[in-house]
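Me: I'd like a close look at the empty space in this one, the cavities and pockets, and what lines each of them. Could you walk me through that part in one go, and add a little on the strands and cysteines at the end?

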Amino acid sequence: MSRVSKPYEIVERALELSRADGCVVLADEHSSANLRWAGNALTTNGVTRGRTLTVVATVDGAEGTASGVVSRSAVTADELEPLVRAAEAAARAAGPAEDAQPLVAGVPESPGFRDAPAETSSEVFGEFAPALGEAFGRARAGGRELYGFASHELTSTYLGTSTGLRLRHDQPNGTLELNAKSPDRTRSAWAGRATRDFTDVDPLAMDEDLARRLGWARRRVELPAGRYETLLPPTAVADLLVYQQWSATARDAAEGRTVFSRPGGGTRVGERLASLPLTLRSDPAEPGLESAPFVIAHTSGDDASVFDNGLPLEPVDWIREGRLERLVTTRHSAALTRSPVAPGPGNLVLEGGGDRSLEEMVAATGRGLLLTCLWYIREVDPATLLLTGLTRDGVYLVEGGEVVAEVNNFRFNESPVDLLGRVSEAGRTERTLPREWGDWFTRAAMPPLRVPDFHMSSVSQGV
């Protein structure tokens with residue numbers, strides 16, 4: 001490419017070309033590395049790189065400000081002007097944008113804005129890969145087969161605006177999923193981890209845990225549908241609360257469309273949702289879960305607005321000591337609902353004050369179920385946030401503080417909001433990977449939860 005091949009130069013040139021009343025340019029430089037394996041042997045690996053450029057043009061009119069958004073991949077210098085013109089044409093063809101706000105004013109340039117993007121490579125697996133190979137050997141000797149994948153992505157986002165913003169954020173994102181199966185494929189167990197750099201994941205320890213679970217499954221007991229005392233591991237808690245957070249927008253609540261709507265009007269902010277002093281929060285600087293400290297919005301929606309690009313993000317408590325404290329807002333929806341500005345979060349942390357591990361909670365259980373994870377989660381009723389889904393890769397019967405057998409899978413019906421009100425114990429918070437939503441949201445830390453009456457609505461034949 002030519003003299004504008006560097007990301008910051010692409011941003012500057014696109015802003016220079018703009019004839020709109022306002023302009024936002026986002027250059028995302030992506031790189032990824034991955035490993036895949038099956039039957040205790042690596043199958044594929046690879047590294048990819050790419051660029052996506054998003055231009056937001058705003059045009060002022062007598063009836064308000066319109067916006068046009070166009071995104072394209074692998075944009076070259078010669079394609080910049082057509083892209084900018086396309087965004088401007090989209091803005092002129094659109095009606096006034098409902099979420100229109102003045103673009104965020106400029107601040108001092110971010111450190112590294114003019115530097116080359118950060119990139120990942122296969123070297124990120126330098127310590128992990130040999131340990132994985134050792135895990136293959138142990139699994140083979142133990143009569144089990146390991147399947148799974150490891151993926152690491154690094155995205156450098158360069159944000160520039162006609163109002164003077166010049167911001168940059170580098171976001172690493174790693175996931176590991178490991179599945180162990182018996183040779184006859186009748187028993188299966190899963191474990192997953194989220195990581196920034198693969199230095200804090202131990203495939204040998206994960207394989208040891210999976211081997212123990214396969215051992216539990218040698219005995220099987222069939223149970224009917226019903227309500228059971230259930231231990232939800234952090235990954236299952238994350239899947240439920242991530243979906244709850246996606247549904248926690250102030251405007252929808254104020255307009256009477258969600259579980260967070262107050263009968264008769266308004267929202268439930270200030271109401272007690274949890275029986276325990278649970279706190280659900282987000283913080284861009286949360287250690288190990290660091291996310292962008294400013295809004296990065298490629299499109300407008302319920303939880304984000306392209307007009308808010310570059311808006312600083314602060315720590316926020318969504319639920320504090322059991323009470324609903326905040327709902328998600330853009331600047332536009334915050335004004336409509338008379339709420340504080342609180343854009344959608346880049347991470348999610350649940351804390352309940354407990355310090356027991358999941359294993360310790362099992363040891364304190366007289367009789368109940370221990371889940372591995374949830375999947376195929378779908379919304380049934382937005383008014384109550386009733387969700388349905390399936391258990392997967394191991395549901396275990398606990399009696400007298402010990403796991404005594406594997407049981408059949410179930411379909412569940414639960415509202416995470418209602419569930420928070422019935423939780424009787426929260427354990428120690430730890431970083432976890434939501435299995436169902438891991439393609440969209442990975443930066444989560446959750447405790448295991450004890451629910452006295454988790455609703456297993458029907459028996460499932462899933463594995």
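**Cavities and pockets**

Reply: Two cavities of 30 Å³ or more turn up in the structure, and keep in mind that this is a predicted model. Let's take the closed spaces, then the open ones.

The largest cavity comes out at about 50 Å³. Its lining is made up of Gln244, Gln245, Ala248, Phe260, Leu280, Trp318, Ile319, Leu324, Arg326, Leu327 and Val328. Two elements, α5 (234-246) and β10 (316-320), give two or more residues each to that lining. Sorted by class, the lining of the largest cavity holds eight nonpolar residues, two polar ones and one charged one.

The second largest cavity has about 30 Å³ of space. Around it sit Leu232, Val237, Leu240, Leu241, Pro416, Leu419, Leu420 and Leu449. Here α5 turns up again: α5 and α9 (416-420) each bring at least two residues to the lining of the second largest cavity. As for chemistry, that lining has eight nonpolar residues, with no polar and no charged ones.

Now for the open spaces. The largest pocket offers about 1400 Å³. You'll find 44 residues lining it, and Ile296, Pro345, Gly346, Trp440 and Arg443 are the ones that lie nearest its centre. The elements that give two or more residues to this lining are β1, β4 (145-161), β5 (166-181) and α5. The class split for the largest pocket is 14 nonpolar, 22 polar and eight charged residues.

The second largest pocket holds about 550 Å³. Its lining runs to 24 residues, with Gly192, Arg193, Asp209, Pro234 and Glu430 lying nearest the centre. At least two lining residues come from each of β6 (188-195), α4 (203-216), α5, α8 (358-363) and β18 (430-432). Of these, β6 supplies the largest share, five residues. By class, the lining of the second largest pocket splits into eleven nonpolar, five polar and eight charged residues.

So much for the spaces; on to the strands. Strand β1, one of the elements lining the largest pocket, spans residues 22-38 and pairs in the antiparallel sense with β2 (residues 41-61) over 17 bridges. The two strands make a hairpin with two residues between them, and in that turn Gly39 has a positive phi of about 55°. Within the pairing, Cys23 is placed opposite Ala57 of β2. Strand β2 also pairs with β3 (residues 64-73), again in the antiparallel sense, over ten bridges. Another hairpin, with two residues in the link, connects β2 to β3. There Gly61 stands opposite Gly64 in β3.

Last, the cysteines. Cys23 counts as buried because its relative accessible area is 1%, under the 20% cut-off. Cys373, with a relative accessible area of 0%, is buried as well. As for cross-links, a search of the whole structure gives zero disulfides.

Methods. Residues are numbered from 1 along each chain as its sequence is written. This is a predicted model: local features need pLDDT of at least 70, side-chain atom pairs count only at pLDDT 80 or more; totals for chains, interfaces and linings use all residues. Side-chain values use heavy atoms; hydrogens and water are left out. Two strands pair if DSSP finds at least two bridges between them. Helices (H or I, at least four residues) and strands (E, at least two) are DSSP runs, numbered from the N terminus. A disulfide is a pair of cysteine sulfur atoms within 2.5 Å. Buried means under 20% relative accessible area, exposed over 50%, partly exposed in between (1.4 Å probe, protein chains only). On a 1 Å grid over the protein atoms alone, a cavity is a set of points where a 1.4 Å probe fits but cannot get out, and a pocket is an open set with protein on both sides within 12 Å along at least five of seven lines; lining residues have an atom within 4 Å of a point. Grid points are joined across faces, edges and corners, and a volume is the space filled by probe spheres set on the points. Ala, Val, Leu, Ile, Met, Phe, Trp, Tyr, Cys and Pro count as nonpolar, Asp, Glu, Lys and Arg as charged, and the others, Gly among them, as polar.
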